[in-house]
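Let's take a look at this protein together, moving from a pocket to a single residue and then out to the whole fold.

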Amino acid sequence: QADTNQTGTPDESAPAIDGNRLIAQRLQKITDVRAAGGNPWPNDFVVDADGARVRLENEELSAEALEAPENAEREYRIAGRVMAVNSFGKAAFVRIQDRSDRLQVFVRKNVVGDDLFAVFKGTDIGDIVGVVGTPFRTRTGELTLLVSDYRLLAKAIRPLPEKWHGLKDKEQRYRQRYVDLIVNPDVRDLFLKRNRVVRAIRAFLDERDYVEVETPMMHPIPGGASVRPFTTHHNALDIPLFLRIAPKLY
């Protein structure tokens, strides 16, 4: 969560975020959840939809249509990572991102009750939550879920990179690929496209009765091409090994 000025752009004069302090606060919240008899990482919330499905089934419906009796009782159970919170005291808009889309949900104290609203108030950016809600449109026309049930599913201990500058350092992106996939949607889309390409190639070959095999990653001889191999040592066998260059040798 970046400090911004009134124009909505990053405030360069704002103090740097103290990561250690935020981690300590989140660890304390985990202790508080456990002290209250809760589980910071439960595994009993069952989803029945994702953000893309909610949008697909309701995007063409007007505010009046969503309030019609045939749609007013339609509930969705979704789960995702909290990416933004805009709080108004006893109510808040929350942006939840799952693997398919980013969707806005609306949490109101007089709807969820005091206990669940207290759970919501302990939410941090990066937490994974589960919500149950019905779709409606805000005054600006944005499709939103009105939350009737709110669950913490996974407490995030480390804060995400602040939203204005994001994760730009290339070395950090590759070393912390899990963070890169969270905050950079284009990288996540590239991984999904790669998965579909590989799946299509496998399906093409499977239909033609090919058999896929796995060959060793480490070889006892540096064969396959005229390049300098990566060398390592197998401690248990006490032998030198070389990272394979050509997977076809075996």
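Helices here are DSSP runs of H or I with at least four residues, strands are E runs of at least two, and both are numbered from the N terminus. Please keep in mind that this is a predicted model.

**A pocket and its lining**

The second largest pocket has a volume of about 360 Å³. Its lining comprises 17 residues, and those nearest the centre are Val 33, Asn 39, Ala 118, Val 119 and Leu 152. At least two lining residues come from each of helix H1 (19–35), helix H6 (114–121) and strand S5 (143–154). By character, the lining of this pocket holds eight nonpolar, five polar and four charged residues.

**A residue in strand S4**

Is Thr 134 buried or exposed? Thr 134 belongs to strand S4, which covers residues 128–137. Its relative accessibility is 18%, and because buried means under 20%, Thr 134 counts as buried. Leaving aside residues up to four places away in sequence, Thr 134 touches Ala 72, Glu 73, Arg 74 and Glu 75, as well as Thr 144, Leu 145 and Leu 146.

**The protein as a whole**

The secondary structure amounts to nine helices and eight strands. Some overall values are gathered here:

| Property | Value |
|---|---|
| Radius of gyration of the protein | 24 Å |
| Span of the C-alpha trace along the principal axes | about 70 × 50 × 45 Å |
| Exposed area of the protein | about 16,800 Å² |

For 250 residues, a compact globule would have a radius of gyration near 18 Å, whereas the protein has 24 Å. Buried residues make up 29% of the 250. Carbon and sulfur atoms supply 53% of the exposed area. Among contacts with a separation of 6 or more, 58% join residues 24 or more positions apart.

Methods: Residues numbered from 1 in each chain as written. Predicted model: local features only at pLDDT ≥ 70, side-chain atom pairs only at ≥ 80, totals over all residues. Heavy atoms only, no water. 1 Å grid on protein atoms, 1.4 Å probe; cavity = no way out; pocket = protein on both sides within 12 Å on 5 of 7 lines; lining within 4 Å. Points joined across faces, edges and corners; volume = space filled by probe spheres on them. Nonpolar A, V, L, I, M, F, W, Y, C, P; charged D, E, K, R; others polar. Buried < 20%, exposed > 50% of the residue type's maximum accessible area, 1.4 Å probe, protein only. Contact = heavy atoms within 4.5 Å. Rg over C-alpha atoms; globule rule 2.2 N^0.38 Å. Areas by Shrake-Rupley, 256 points an atom, 1.4 Å probe, with all protein chains shown as cover.
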